[in-house]
Amino acid sequence: MLHKKLKPFPEGFFWGASTSAYQVEGAWDEDGKGPSIIDMGSVVPGTTDFKVASDHYHHYQEDVKLFSELGLKAYRFSIAWTRIFPNGDGEVNPKGIEFYSNLIDELKAHNIEPIVTMYHFDLPYALQEKGGWSNRATVDAFVTYSKTLFEAFGDRVKYWLTINEQNMMILHGDAIGTLHVAAENPMKDLYQQNHHMLLAQAKAMVACHEMLPQAKIGPAPNIAAVYPETSKPEDILAASNCTAIRNWLYLDMAVYGRYNNIAWAFLEERDATPDIQEGDMEIMASAKPDFIAFNYYSSQTVAASSGDASDRSSIDGDQQIVIGEAGVYKGATNPNLSKNAFGWEIDPTGFRNTMREIYDRYALPLIVTENGLGAFDKVEDDGSVNDDYRIDFLQKHIDQIRLGISDGVDIFGFCPWSAIDLISTHQGCSKRYGFIHVDREEFDLKELKRSKKKSFHWYNELISRNGN
Ligand code: BGP
């Protein structure tokens, strides 16, 4: 749709930026923190581990001051479950509460709205050893953990996100390194884990509304518009399958409290439907999110299934993430899109498509909790980083939000990835995303000095005119 006149970004729009605990904090075993599965996981050869990361744990005051200079209205970060409960459940670690309490106070003092993710990939290792999400007891541990957060920070935190990219943990758990499925029927176990996470999320949303009537809470999946490779009806059907399994399975449950029928049929076909205990679906139905947060990096293109193993083709850039489900849909590349240095397709228009599809389906306010460009930044002799490619990427995506707003989508914030350089999930620290450069290399921590990139000044100026 071409608009003769674009609607402006609303007053009070949350111009923000994102990070996650294990990727930015460091201090992996300090002040009573227990190990998470990330700390105990294998690191991709040639890349750093997460022990020091950007050392935000020790630099948080300096970092928040920089966020304030950047002009951020909101900062989306995650709480490391193992700082609060070193063993996942049991005793609370007061030092963990203290750290996040200080961080939240610091943000508030700078008029930056904290947006808190409760769980971003870093499951406590102690819980993993007891079966992780395959074990229903992890649901209770998560609920206790979430109530502890509501109690400790609910007086200052209004916006809560339950689980980051649950759909990616299920679809690409092997790549993210979160899931070690060794069951007889691995897929059934995987979707049992998924059911437990959905239940944990539902219970946390109910608890949040009971304990903090003023607060708002929502899920934070990675959602992408899925395109058919061609206009062949079979390709369109494949795109519909992929959309259901990749996107709507997660959001239909979060919003409507029901399993998406296409995704459910797929699970039945694989003998992978989860065991649902009495009362589970009532809980799912009673939990109502106030908004939908979503991460968007790229769209996805798929083709009709060939009906055999060739459907599972490894196509997603350098990460070699497997896209496709045998007999359901096959991964395809989109010849209309360019790619970033890591082989990820760049699709700003797909961003508009994605937000329109989500809003059309659920009619809940939206917030973007991740979007950004991973790149090998170059530090010039004078110390500057001229990341025009990042500015270009973000500007094009912000333009699409404005178009989405003009289409009638209710969107209240944009928190690109990432506020500051941090460690990529499995591509080290040379793959940078931040507005703030952190002076460290893969295996040389240097001084961890912070400096402003060109994109920092650009984003600051954009925020000052509310993006309009
Ligand atoms: C999302 C994760 C983030 C972040 C981002 C970029 O899936 O929620 O934690 O890692 O992707 O991905 P990567 O680090 O692989 O470049």
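Let's start just past the end of helix 16, at Asn466, a residue that follows the helix and has a positive phi, near 50°. Keep in mind as you look around that this is a predicted model.

Now step back into the helix itself, which spans residues 454-464. Which of its residues are buried? They are Ser455, Phe456, Trp458, Tyr459, Leu462 and Ile463. Look down the axis of helix 16 and these buried residues fall within an arc of 165°, so they line one face of the helix. As a rule, an α-helix has 3.6 residues a turn, so residues three or four places apart point the same way. What sits over the buried residues of helix 16? The cover includes two other helices, helix 3 (56-70) and helix 15 (388-406), along with strand 1 (14-18), strand 15 (411-414), strand 16 (436-438) and strand 17 (450-452).

Ser455 is worth a pause, since this serine lies in helix 16 and has a relative accessible area of 0%, which is under the 20% limit, so it counts as buried. Its side chain has a partner: a polar contact of 2.6 Å links Ser455 to the side chain of Asp387. Leaving out residues up to four places away in sequence, Ser455 touches Asp387, Arg390, Ile391, Gly434 and Phe435.

From helix 16 we can move to one of the elements that cover its buried residues, strand 1. Is this strand buried or exposed? Five of its five residues are buried, so strand 1 is largely enclosed by the rest of the structure. Both of its faces are covered, with Phe14, Gly16 and Ser18 buried on one side and Trp15 and Ala17 buried on the other.

Strand 1 has parallel partners to follow. With strand 2 (residues 74-78) it shares three bridges, and there Ala17 stands opposite Tyr75. With strand 15 the pairing is again parallel, over two bridges: Phe14 stands opposite Gly413, and Trp15 is opposite Phe414. Strand 15 also pairs in the parallel sense with strand 14 (residues 366-370), this time over three bridges. Here Leu366 of strand 14 has Ile411 of strand 15 as its bridge partner.

Some of these residues turn up again in the nonpolar interior. The largest nonpolar core has 133 residues, and Phe414 and Tyr459 are among the members that touch the most others, together with Trp81, Tyr100, Phe142, Trp160 and Tyr191. Which helix gives the most to this core? That is helix 10 (residues 186-211), with 12 residues. Apart from it lies another core, of 11 residues, including Ala74, Phe291, Ile367 and Phe412. More generally, nonpolar side chains tend to be buried together in soluble globular proteins.

Last stop, the ligand. There are 15 residues around it, and Gln23, Glu165, Thr425, Lys431 and Tyr433 come nearest. Which polar side chains should you check there? In Glu165, a side-chain N or O atom is 2.5 Å from an oxygen atom of the ligand. For Asn164, a polar side-chain atom lies 2.9 Å from a ligand oxygen atom. Ser424 also places a side-chain N or O atom 2.9 Å from an oxygen atom of the ligand.

Key: Residues are numbered from 1 along each chain as its sequence is written. This is a predicted model: local features need pLDDT of at least 70, side-chain atom pairs count only at pLDDT 80 or more; totals for chains, interfaces and linings use all residues. Side-chain values use heavy atoms; hydrogens and water are left out. A nonpolar core is a set of buried Ala, Val, Leu, Ile, Met, Phe, Trp, Tyr and Cys residues joined through side-chain atoms within 4.5 Å. Buried means under 20% relative accessible area, exposed over 50%, partly exposed in between (1.4 Å probe, protein chains only). Helices (H or I, at least four residues) and strands (E, at least two) are DSSP runs, numbered from the N terminus. The arc is that of the directions from the helix axis to the C-beta atoms. Contact means heavy atoms within 4.5 Å. Two strands pair if DSSP finds at least two bridges between them. A residue is near a molecule or strand if one of its heavy atoms lies within 4 Å of it. A polar contact is a pair of N or O atoms within 3.5 Å; within protein, one must be able to donate a hydrogen and the other to accept it, and residues adjacent in sequence count only if both atoms are side-chain atoms.
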